[in-house]
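Me: I am new to this structure and would like a close look at a single part. Could you choose one helix, go through its surroundings slowly, and then set it beside other features of the model?

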Amino acid sequence: MTEPRTTARGIRVTPGDRRYAALRRGYNPRWESEPDYIELVRTPEETVGALRDALTPQPPDPVRSRITARSGGHCYENFVCAPDVRVIIDVSLMDEIYEDDGMVCVEAGATNGDLRKQLFLKTGKVLPGGSCPSVGVGGHVPAGGFGLLSRQFGLTVDYLHEVEVAVVDENRDVRLVRAGKDSDEPERSLWWAHTGGGGGNFGILTRMWFKNLPDAPERVLFSAGGWKWSSLARGERGFRQFRQIVDNFGRFFAQRDPKFDPLFAILLLTHRSQPKIGLIAQIDAGVDGARQRMTEFQRAMTSRGWRVGLRRPPFEDLTEGYGEYPALAGLRQPQPLPWESVDKLLGPVDNLRCGKHKSAYMREPLPERQVRALWHGLAGEGRHVVRDAVVQIDSYGAAINRTDVTDTAVAQRDSILKLQHQVYWPATEDGASHLNWIRTLYRDMYADTGGVPVTKDIGAGITDGCYIGYPDVDLSDRAWNIDPRSWAKLYYGPHYGTLQEVKRYWDPLNVFRHQQSIEPPPPIPVPRTTGGRA
């Protein structure tokens with residue numbers, strides 16, 4: 001074994017080290033790289049040193065020249081681990097969470113699981129982030145950050161007050177910049193870009209400071225159940241039952257009733273080869289009438305509003321795991337749970353499967369044409385059977401909608417639903433049929449707008465683009481998007497031009513780049529004379 005070389009710039013892992021095989025790939029086994037080395041950094045200062053080291057030599061192979069940063073490694077595309085990567089700077093050892101000058105400091109290598117453990121146990125506070133405990137905060141927060149408490153408390157970036165970032169200037173010099181909401185420009189622009197501008201675009205994020213975090217719930221009411229696919233009919237009658245379930249979910253959250261702001265729910269539309277369609281719901285047990293609110297939601301999903309003459313399928317225990325969620329048996333009736341136990345319920349999941357993901361925001365319930373496309377993709381007869389697939393619909397809105405669209409870089413502030421299209425397959429398979437399945441389903445759902453859920457400033461009214469936290473390179477491909485130039489608008493809406501200017505200032509050499517990184521704006525043209533006399 002090659003002995004690990006510990007330097008002032010971190011722990012350098014090179015080919016031959018027993019850790020190299022694990023560190024050269026992402027959480028998704030689709031993505032692997034062969035970097036010269038992976039640098040494990042433990043402090044912001046080591047991050048600066050590692051970045052200086054990585055910039056010093058001119059890459060002998062211009063095709064393999066990228067420097068990338070990683071916290072949790074959950075990126076859905078090959079933005080961090082790819083054949084063109086020369087160096088990976090891994091911040092996962094930098095995972096402390098502590099109180100600092102009236103704020104909470106979270107290092108970029110901390111995970112969602114660390115947040116629940118260290119933040120909750122140390123302070124009793126909560127950051128309303130994602131449910132997967134192994135996701136790194138350094139990637140999750142700059143994308144906007146979203147989770148089971150977001151309807152009640154907002155997005156993670158709504159509490160982000162300052163960031164510390166290792167940046168590279170036009171002379172290839174590296175420095176640490178601490179920038180905040182109250183900073184003067186241009187530092188304030190660097191903070192703002194990290195409130196929804198995505199990770200890996202402007203520098204290497206090392207630390208974040210959060211302010212005025214909400215108290216964690218003492219307990220939540222949690223439920224999970226589902227409808228057997230076998231209880232749904234085939235053909236048009238089955239479609240009407242399926243549509244009723246989807247419609248009930250969308251209509252409930254389209255009410256925008258403040259009474260249900262603390263309630264969060266997930267509808268798991270699985271492939272028919274799976275036993276059930278799933279439904280997960282949670283509400284802060286400390287709010288007045290929490291159990292009654294949960295009961296009203298469950299009745300709206302299972303009993304009320306069903307069309308006359310349409311048989312209601314029974315609602316049963318969710319005894320199987322779907323997508324990124326495990327089996328949740330025995331929770332059909334809401335159960336009171338301590339807040340800290342939720343992460344134990346929901347994960348972690350294995351990382352032995354390859355996967356592909358897509359996303360969409362909805363301002364209104366899904367129209368019939370989209371539900372019919374879902375039906376054909378998930379229940380269509382005669383199609384390739386994709387056993388491990390789900391279209392997950394998360395409730396959105398409430399507190400998220402109360403923040404002005406200009407306050408952060410998150411553009412989607414008036415949506416009520418957020419969709420995540422997912423498909424998985426064994427790492428031993430090539431996945432071609434699975435990729436074709438999810439791409440076709442997605443294109444069919446948004447066929448009226450060029451195969452993608454366009455944003456309102458492009459002209460559609462019911463969809464609002466895609467989530468940068470679920471990146472999808474197909475958005476840049478004319479085969480799946482009639483206007484591949486629109487990928488940036490789909491993620492960033494009207495903010496993209498501003499993010500480009502931030503990119504120009506803070507990463508003038510475009511060191512931090514990947515297939516869908518923020519593009520530097522075009523050069524400002526120099527005025528030219530026409531040759532006439534003054």
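Reply: A helix is here a DSSP run of H or I that is at least four residues long, and helices are numbered from the N terminus. The model is a predicted one, and the part I have chosen is helix α7, which takes in residues 235-254 and in which Asp 247 is found.

Is Asp 247 buried or exposed? Asp 247 has a relative accessible area of 7%, and because a residue counts as buried when that value is under 20%, Asp 247 is buried. Leaving aside residues up to four places away in sequence, Asp 247 touches Arg 307, Leu 366 and Val 371.

Helix α7 also meets another helix, α8, which is formed by residues 290-302; the two axes come within 8 Å and cross at roughly 145°. On the α7 side the contact is made by Ile 245, Asn 248, Phe 249, Phe 252 and Phe 253, while α8 brings Glu 296, Phe 297, Ala 300 and Met 301 to it. Sorted by class, the residues of this contact are seven nonpolar, one polar and one charged.

To set this helix beside other features, we can turn to a feature from a record: an unreviewed UniProt entry places "domain: FAD-binding PCMH-type" at residues 30-215. Over residues 30-215 the chain is 21% helix and 25% strand, with the end C-alpha atoms 39 Å apart.

The backbone deserves attention too, because most residues other than glycine have a negative phi, and most peptide bonds are trans. Asp 101 is not a glycine, yet has a positive phi of about 55°; Asp 101 sits in the loop between β6 (97-100) and β7 (103-107), and is exposed, with a relative accessible area of 72%. Asn 212, likewise not a glycine, has a positive phi of about 60°, lies in the loop between β10 (204-210) and β11 (219-228), and is exposed at a relative accessible area of 65%. A cis peptide bond, with omega about 10°, joins Glu 185 and Pro 186, and Pro 186 belongs to the loop between β9 (174-180) and α6 (187-193).

Finally, there is enclosed space to consider: a search of the whole structure finds five cavities of 30 Å³ or more. The second largest cavity holds about 110 Å³ of space, and among the 14 residues that line this cavity, Arg 116, Val 126, Leu 127, Gly 129 and Trp 339 are the closest to its centre. The lining of the second largest cavity divides into nine nonpolar, three polar and two charged residues.

Technical notes
Residues numbered from 1 in each chain as written. Predicted model: local features only at pLDDT ≥ 70, side-chain atom pairs only at ≥ 80, totals over all residues. Heavy atoms only, no water. 1 Å grid on protein atoms, 1.4 Å probe; cavity = no way out; pocket = protein on both sides within 12 Å on 5 of 7 lines; lining within 4 Å. Points joined across faces, edges and corners; volume = space filled by probe spheres on them. Nonpolar A, V, L, I, M, F, W, Y, C, P; charged D, E, K, R; others polar. Helix = DSSP H or I, 4+ residues; strand = E, 2+ residues; numbered from the N terminus. Buried < 20%, exposed > 50% of the residue type's maximum accessible area, 1.4 Å probe, protein only. Contact = heavy atoms within 4.5 Å. Axes fitted to C-alpha atoms, helices over the stretch in contact; angles between N-to-C directions. UniProt positions renumbered as here; feature names shortened; annotations may be inferred.
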